[in-house]
Amino acid sequence: MNEFVSLAVTQADALKSGLGSVGYGLAAIGPGIGIGYLVGQSVQAMARQPEMAGNVRTTMFLGIAFAEALALIGFVLKFI
Amino acid sequence: MIPVLADLLPNVNELFEYKGFFGQHQWYEFNKTAALAFVSTIICIGLFYVGSRKRAMVPGGLQNVAEIGYETVEQQIAVEVMGPENGRKWAPFLATLFFWIFFINIWSTFPFIYFPATSRIAIPIYLALQTWVIFIFVGFKHQGLGYFRNVIPSGVPGPLLILVVPIEIISKYFIRPFSLAVRLFANMTAGHVLLAIFCIMTSELVIHHNSGIWQIPLGILPFFALIAMTGFEFLVAVLQSYIFTILTAVYVNESLHAEH
């Protein structure tokens, strides 16, 4: 009986330590979609008007930074 | 399964905490993080001091490197975001920020010293606080007390303002410095942890093959991943310094121009 209880406790600890990774995985869905859409739209904009490519590229990096920050906050919270 | 893995992988804090070279447990403890920050400062000061001693019309050597670096920051970051005259005024500050963060970040892929000092939260928090104070102070200086009226965007109908104004306040004055600090910190920390994991995998398979000699050929997989991640980590180091600088430029530019 006692070894079943201790086995359940070990399994619960393992589950708790893995929950951070599951949290990060869920947090990375949104920024993944967001960054993919953003870069796709900026590639299309650069193809439509090649002389604005520099401007569009700068704004693309800005948008990527904002979207990626959310994924990274999720990564950091795994260790807290 | 878990106790075996606990022997294999050390606690993740051991990757980031270093004992001081001197002055342990005092306030002046000097460990690897502080040493790398100091070395990067000396490199920045040395590069631009030595690069600006000869005033040759056609630059060559170190003067060329310093001029290319400064002009890239001035044209691509300062003038593009803030316009010609404001860009030239703010280019020295932005170039300092860019080169300091750049020289700190690239130690994360340098042989014998694989450690980015920005992966300890002190330096990103300091830089984010500095940017925050600067863009609020510049807003006050240029727009007086009407600076706080910028949280009310134009063209928003009346009753919607009760929702929009708190969101704008939180987004502008709280989330911006927090996200600046966490973006730089988390990118560097994540890269460092990934490199360490692939190193440990390769060394466990190739050097201490605890389960038999057949593990050595399998070590080629984490080795290639390590090479790829080192290249990616260098790209992330350069990109994060660029993004921090350009976001600082965008926030200061927003303070310099009245919204409406």
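Helices (H or I, at least four residues) and strands (E, at least two) are taken as DSSP runs and numbered from the N terminus. This is a predicted model, in which local features need pLDDT of at least 70 and side-chain atom pairs count only at pLDDT 80 or more, while totals for chains, interfaces and linings use all residues. Residues are numbered from 1 along each chain as its sequence is written, and chains are lettered from A and ligands numbered from 1 in the order in which they are written.

Two loop residues of chain B, His25(B) and Phe112(B), have a positive phi although neither is glycine.

| Residue | Phi | Loop of chain B |
|---|---|---|
| His25(B) | near 65 degrees | between α1 (2-8) and α2 (32-51) |
| Phe112(B) | near 75 degrees | between α4 (84-105) and α5 (122-143) |

His25(B) counts as exposed because it has 7 C-beta neighbours inside 10 Å, where exposed stands for 12 or fewer other C-beta atoms within 10 Å, with C-beta atoms placed from the backbone. Phe112(B), with 5 such neighbours inside 10 Å, also counts as exposed.

The loop of Phe112(B) follows α4(B), and the axis of α4(B) comes within 9 Å of that of α7 (residues 220-256) of chain B, crossing at roughly 155 degrees; axes are lines fitted to C-alpha atoms over the stretch in contact, with angles from 0 to 180 degrees between N-to-C directions. The two helices are therefore roughly antiparallel, a term for angles over 145 degrees. Among the residues making the contact (C-beta atoms within 7 Å) are Trp90(B) and Phe98(B) of α4(B) and Tyr242(B) and Phe244(B) of α7(B).

Terms used
A residue is buried if 20 or more other C-beta atoms lie within 10 Å of its own, exposed if 12 or fewer, and partly exposed in between; C-beta atoms are placed from the backbone. Angles under 35 degrees count as roughly parallel, over 145 as roughly antiparallel, 65 to 115 as roughly perpendicular and the rest as oblique. Two residues are in contact if their C-beta atoms, placed from the backbone, lie within 7 Å.
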